[in-house]
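Here are some notes on the model, set out as numbered points. Please read them with the structure open.

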Amino acid sequence: MAERHSEQIANRSLIGVGKVIAVLTSGGDAQGMNAAVRAVVRMGIYVGAKMFFVHEGYQGMVDGGSNIVQVSWESVSSILQRGGTVIGSARCSAFRNREGRLKAAANLLEKGITNLCVIGGDGSLTGANLFREEWSGLLDELAKNGKISNDDVKNYSHLNIVGLVGSIDNDFCGTDMTIGTDSALHRIIEVVDAIMTTALSHQRTFVLEVMGRHCGYLALASALACGADWVFIPESPPEDDWEKHMVEKLSENRAHKKRLNIIIVAEGAIDAQNQPITSEKIKNLVVDELGFDTRVTILGHVQRGGTPSAFDRILASRTGVEAVLALLEAKPETPACVVSLSGNHIVRLPLMECVKMTQAVQKAMDKKDFKKAVKLRGRSFENNLQTYKLLSQKETTAEIPKSNFNVAVMNVGAPAAGMNAAIRSAVRVGITEGHKMLVVNNGFEGLSKGEIKEFHWTCVRGWTGQGGSILGTKRTLPAMYLEQIAEQIRTYKINGLLVVGGFEAYLGLLELSAAREKYKEFCIPMIMVPATVSNNIPGSDFSIGADTALNTITDTCDRIKQSASGTKRRVFIIETMGGYCGYLASMGGLSAGADVAYIFEEKFDIRELQANVRHLTEKMKTNIQRGLVLRNENCNENYTTDFIYQLYSEEGKGVFDCRKNVLGHMQQGGAPSPFDRNFATKISAKAMQWLTKKLQDNFQDGKVFVNDDDSVCLLGMRTRTLLFQPVVELKKETDFEHRIPKEQWWLKLRPLMKILAKYKISYQVPSSAKLENIECRTREGNEAS
């Protein structure tokens, strides 16, 4: 939920009494729309509102009748994991005319609906705003024609509109991510990973065309995630002689024994003269100029299909809940708003300001002002483009400045998907900065033994999609090897250190920092990039690897729920990883639609366990005869997974039976998700740039020497920005005994899971929410999306 002052609502049923809310999906479908529909319906019922579906989008609103139906809690059961939209979506030419909107108004009034949640793209949301602006005029016309009474005009005098952006293209300004984009990236990357194996076998070049008629986000983000050789997007056309440069680069790559080339092109890609660049044109160019075996793959509607990712489910659930709150608080003078994502915050923005900025992007492109177009897309898009350019094109040896600095990179702690992408990014950025890049195998232990070697540009080719840690990683802390590590730093003349890892990496930097008085070799700039599935690093809201683990948990829970639904009256107890941190259990529960998630951070006792059993017993009386319970591995030393399983089995005897599943180390494995690949790539690049500046600023008399707290930092995402924070200062924010931060942002989302699972709990409902200014929001930006 958005960060705002809140007040306790003692009686939840009073908040929305008398409110009638309808939800519709419009325009192209996007994975996660069903999760949003579910959240809107269940939050609406939770606060006492009467809820309606509008089937088939605006067409259903115009046609009325059975297209507008009241719904219950069970109406949105088992849709969280489904792609597309269960209430249908359709293009509607009739709604574009006043006559059609007049019919739609009459059909809504027949049900008493004056609050509308619209899930769609900018066209759908623009139509909703026009409908709202015309509302009073439509009512007057209906009254004049005798369709409604004057009392109706008075009672239903204004229409409240709240929008959620559902679009796989991520083409709506004002939000970091639209519902469906992350899932579409999953589909693209799955295809790219599969294609890479066959391309390697035959030394082939693949041209992949992805969706994005007016926006290149999918093409750009997927190119960054897979390390594509070239990408074509509408917002940033290639230079006039791009054909020559692309041919030269592909030829050089093949000469360096690269067996495959990946070129990604957005369907709306253009050149600097606004002429289309098609996948077929690119293929013909490669074949004619180089004679490479080249294939074209057009992904098409595959990108819209499949189950939504964990990210999209959580985003849709959070924005759906916020949309209901926005409708409850709306007044006649309140402008229509859109619920958006900024960093890890859900915010409300003026709908039409966002629409105007979105339309301004196309106008800038039409005028060939491509720099403005990129800027209008926001900081996230801009950062993606800059990072891709930085990592994809190696400068010639003559063009690279020689810094004479030796920088070492290493992994520390348990393996996490995305570590390899982070190392690749660090190595390549370091090379472009002119550094000699050294990689350390097997963490601090490897550093103490001198397991160090130089890496060049091609050494990290193809690393973005590989899981685990190619360099090897260990949990060993440096304290027992300080003298040996100092000797190796001296031997290899290491001037700077970048550590990618988890809690052990954080502790390790604290130990090295504390040892500076005794060992001057540690008086070099050091920086940590958080990478752990547990997401338990102080100073960062997100860690590399946590998103991949979350998707593994969500996927497993989907299969388990399917099994439970088939056998009926079955409850599954699932144990997740995370140490003492309940992030995976909590967010996994929210994304999988769990009934409860037990975590260390929120104490529970036998009475709560019994209450949860009673809740599930009541649930078995409905047509939703299955249950899902998540338990963080260290949530309680006595209430173990076995204990909870036995308790539920005994207390539920005769009503439901139980099964248990310990997910274990499968949560650390697998190919990294698109989010983890891109987050790792960008945060590591930024960390290396920080190291470069520190090295340049502290180089005197032929050596680097720093001894201040600011020279040993952790780079983490906090709220909306990436921040460099001295590890010494983070000590006060750390619970060292349990290896977790003292405050964790995601704990505020815990009530949402229980609300959406029909628990009767009190809830902190935000009061007097204010719209943010989109200009301020855009300037702040989010550097990590």
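1. Where in the chain does Asn535 lie? In this predicted model, Asn535 sits in the loop between strand 17 (526-530) and helix 18. Its phi is near 55 degrees, a positive value in a residue other than glycine. Asn535 is buried, with a relative accessible area of 3%.

2. Arg569 also deserves a look. Its phi is positive, about 50 degrees, although Arg569 is not a glycine. Arg569 is placed in the loop between helix 18 and strand 18. Arg569 is partly exposed, at a relative accessible area of 37%.

3. Next, the sheet that contains strand 18. It is an open sheet of 4 strands, in the order 19-20-18-21, and the pairing is parallel. Strand 19 (596-598) and strand 21 (657-662) are the edge strands, each pairing on one side only. On average, neighbouring strands of this sheet are turned by 20 degrees against each other, direction ignored.

4. Within that sheet, take one pair. Strand 18 (residues 570-576) is joined to strand 21 by 6 bridges, in the parallel sense. Glu575 stands opposite Val662 of strand 21.

5. Two helices lie across these strands. Helix 18 (residues 546-567) crosses strand 18, strand 20 (626-632) and strand 21. Helix 18 runs at about 145 degrees to strand 20. Helix 19 (residues 583-592) lies across strand 18, strand 19 and strand 20. Helix 19 runs at about 160 degrees to strand 20.

6. Is strand 7 buried or exposed? In strand 7 (residues 205-210), 6 of the 6 residues are buried, so the strand is largely enclosed by the rest of the structure. Thr205, Val207 and Glu209 point one way, while Phe206, Leu208 and Val210 point the other way. Note that Glu209 is among the buried residues.

7. Strand 7 has parallel partners. With strand 9 (residues 261-266), strand 7 shares 6 bridges, and the two run parallel. Here Val210 has Ala266 as its bridge partner. With strand 10 (residues 294-298), strand 7 pairs in the parallel sense over 5 bridges. Phe206 stands opposite Arg295 of strand 10.

8. Now a helix pair. Helix 7 (residues 217-226) packs against helix 22 (residues 674-697) at an angle of about 75 degrees, and their axes are 8 Å apart. The two helices are therefore roughly perpendicular to each other. Helix 7 contributes Ala221, Leu224 and Ala225 to the contact. Helix 22 contributes Arg677, Asn678, Thr681 and Lys682. By type, the contact residues divide into 3 nonpolar, 2 polar and 2 charged.

9. How many disulfides does a search of the whole structure find? The search finds 0. Cys117 is in no disulfide, and the nearest cysteine sulfur, that of Cys337, is 9.4 Å away. Cys117 is buried, with a relative accessible area of 0%.

10. Why does Cys215 have no bond to Cys173? The closest cysteine sulfur to that of Cys215 is in Cys173, 8.3 Å away, which is too far for a bond. The cut-off for a disulfide is sulfur atoms within 2.5 Å. Cys215 is buried too, with a relative accessible area of 2%.

Key: Residues are numbered from 1 along each chain as its sequence is written. This is a predicted model: local features need pLDDT of at least 70, side-chain atom pairs count only at pLDDT 80 or more; totals for chains, interfaces and linings use all residues. Side-chain values use heavy atoms; hydrogens and water are left out. Axes are lines fitted to C-alpha atoms, for helices over the stretch in contact, and angles run from 0 to 180 degrees between N-to-C directions. Angles under 35 degrees count as roughly parallel, over 145 as roughly antiparallel, 65 to 115 as roughly perpendicular and the rest as oblique. Contact means heavy atoms within 4.5 Å. Ala, Val, Leu, Ile, Met, Phe, Trp, Tyr, Cys and Pro count as nonpolar, Asp, Glu, Lys and Arg as charged, and the others, Gly among them, as polar. Two strands pair if DSSP finds at least two bridges between them. Buried means under 20% relative accessible area, exposed over 50%, partly exposed in between (1.4 Å probe, protein chains only).
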